[in-house]
Amino acid sequence: MTSALPLLTAVDLHKTYTTGDAQVSALAGVSLTIDPGDFIALMGPSGCGKSTLLHLCGAMDRPTRGSVHLGDRDLGTLDDGTLTKLRRESIGFVFQFFNLLPMLTVRENIALPLLLGGTNSTSALRDATSLAQRVGLDRRLDHRPSQLSGGEMQRAAIARALVHRPILLVADEPTGNLDSANGARTLELLAELHRETQVSILLATHADEVAARADRIVRMKDGQIEREERVSARVTAAAVADAASVADAASAAEAMLGGRSRS
Ligand SMILES: Nc1ncnc2c1ncn2[C@@H]1O[C@H](COP(=O)(O)OP(=O)(O)O)[C@@H](O)[C@H]1O
Ligand SMILES: [Mg+2]
């Protein structure tokens with residue numbers, strides 16, 4: 001491990017949501033470090049706080065207590081405008097339900113982060129076109145999201161999340177709304193883009209075959225981190241290459257990790 005500054009350092013995060021009279025503790029003391037190039041899978045039962053942690057690490061929300069540093073910047077010291085700018089420039093998001101804008105074409109959806117960041121439209125659309133080609137959507141550039149399959153929508157969303165070259169990609173159950181073939185293809189694409197760009201990925205998932213692609217698996221329960229497993233990148237890649245299918249890769253990774261249970 002190098003002694004370089006972590007990409008992200010979250011310390012003792014607490015998040016309590018208040019709705020009416022009720023208070024829900026979603027995070028109760030979570031600390032996490034993301035190094036440059038990490039691919040982290042966040043696992044745990046529904047309601048354990050995965051999405052909340054993603055939102056805090058992605059600068060979409062603020063903790064009730066605790067701190068998040070992106071590099072050497074303490075997000076808690078930034079005003080809302082500065083935080084929004086930092087999020088737009090540095091973070092990419094992929095959601096379970098794609099969140100594409102229905103009135104825009106695929107090319108325009110992908111270009112959106114650049115356009116919001118002030119890039120001129122010719123250059124933004126050119127970059128969007130080349131990334132669309134990279135994710136296999138070259139023949140869907142002028143389609144609307146409603147004309148795409150689920151897998152195509154998620155590939156467009158992944159391109160949108162990466163077009164502005166973020167340092168961190170936050171993905172919340174990105175294969176959760178896809179059939180297994182499209183889920184596997186989406187996952188393969190994410191793994192390829194991770195290798196090509198070295199963008200750090202923090203990805204919440206329920207699926208063992210998704211987590212098997214990560215090099216760190218962080219398991220959460222009741223708003224806390226229960227344990228963490230590290231998979232060396234080399235071993236993960238070898239397991240994937242040797243396995244006949246993603247499911248086999250998951251089994252191979254499970255065996256190496258010492259019999260993780262399947263959900
Ligand atoms: N905006 C919100 N308002 C109130 N409670 C919330 C909100 N978001 C999440 N929660 C609650 O916080 C807990 C953690 O939720 P979440 O982070 O979405 O978990 P996960 O993504 O692991 O399913 C759950 O009990 C959930 O109901
Ligand atoms: Mg969630």
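1. In this predicted model, Leu42 has Val218 in strand S9 as its bridge partner. That pair belongs to the link between S3 and S9, two strands that run parallel and are joined by 4 bridges. As background, the strands of a sheet pair through backbone hydrogen bonds, in either a parallel or an antiparallel manner.

2. The link just described is part of an open sheet of 6 strands, whose order is S6-S7-S8-S3-S9-S10 and whose pairing is mixed. Strand S6 (91-94) and strand S10 (224-230) are the edge strands, each pairing on one side only. From one strand to the next, the twist averages 20°.

3. Both kinds of pairing can be followed in the sheet. Strand S7 (residues 168-172) and strand S8 (residues 200-204) run parallel and are joined by 5 bridges; here Leu169 has Ile201 in S8 as its bridge partner. By contrast, S9 and S10 run antiparallel, with 6 bridges between them. Arg216 stands opposite Arg230 in S10.

4. How many residues lie between S9 and S10 in their hairpin? There are 2 residues between these strands, and Asp222 in the turn has a positive phi of about 50°.

5. Helix H1 (residues 50-57) lies across four strands of the sheet, namely strand S3 (39-43), S7, S8 and strand S9 (216-221). The helix runs at about 155° to S8.

6. H1 also has a part in the surroundings of ligand 1, since it gives the most to the shell, with 3 residues. Strand S1 (8-19) and strand S2 (22-34), like H1, each supply at least two residues of this shell. The residues around the ligand include Tyr17, Thr19, Val24 and Ala26, together with Gly44, Ser46, Gly47, Cys48, Gly49, Lys50, Ser51 and Thr52. By character, the shell divides into 7 polar, 4 nonpolar and 1 charged.

7. Two packed helices are described by the angle between their axes and the distance between the axes. For helix H5 (residues 150-162) and helix H6 (residues 180-197), the axes come within 9 Å and cross at roughly 20°. An angle under 35 degrees counts as roughly parallel, and H5 and H6 are therefore roughly parallel to each other. The crossing of H5 past H6 is right-handed.

8. Which residues of H5 and H6 make the contact? H5 contributes Gly150, Gly151, Gln154, Arg155, Ile158 and Leu162, while H6 contributes Asn182, Arg185, Thr186, Leu189, Leu190, Leu193 and Thr197. The residues of this contact divide into 6 polar, 5 nonpolar and 2 charged.

Note on methods:
Residues are numbered from 1 along each chain as its sequence is written. Chains are lettered from A and ligands numbered from 1 in the order in which they are written. This is a predicted model: local features need pLDDT of at least 70, side-chain atom pairs count only at pLDDT 80 or more; totals for chains, interfaces and linings use all residues. Two strands pair if DSSP finds at least two bridges between them. Axes are lines fitted to C-alpha atoms, for helices over the stretch in contact, and angles run from 0 to 180 degrees between N-to-C directions. Two residues are in contact if their C-beta atoms, placed from the backbone, lie within 7 Å. Angles under 35 degrees count as roughly parallel, over 145 as roughly antiparallel, 65 to 115 as roughly perpendicular and the rest as oblique. A crossing is left-handed if the near helix is turned anticlockwise from the far one by less than a right angle, and right-handed if clockwise. Ala, Val, Leu, Ile, Met, Phe, Trp, Tyr, Cys and Pro count as nonpolar, Asp, Glu, Lys and Arg as charged, and the others, Gly among them, as polar. A residue is near a molecule or strand if its C-beta atom, placed from the backbone, lies within 6 Å of it.
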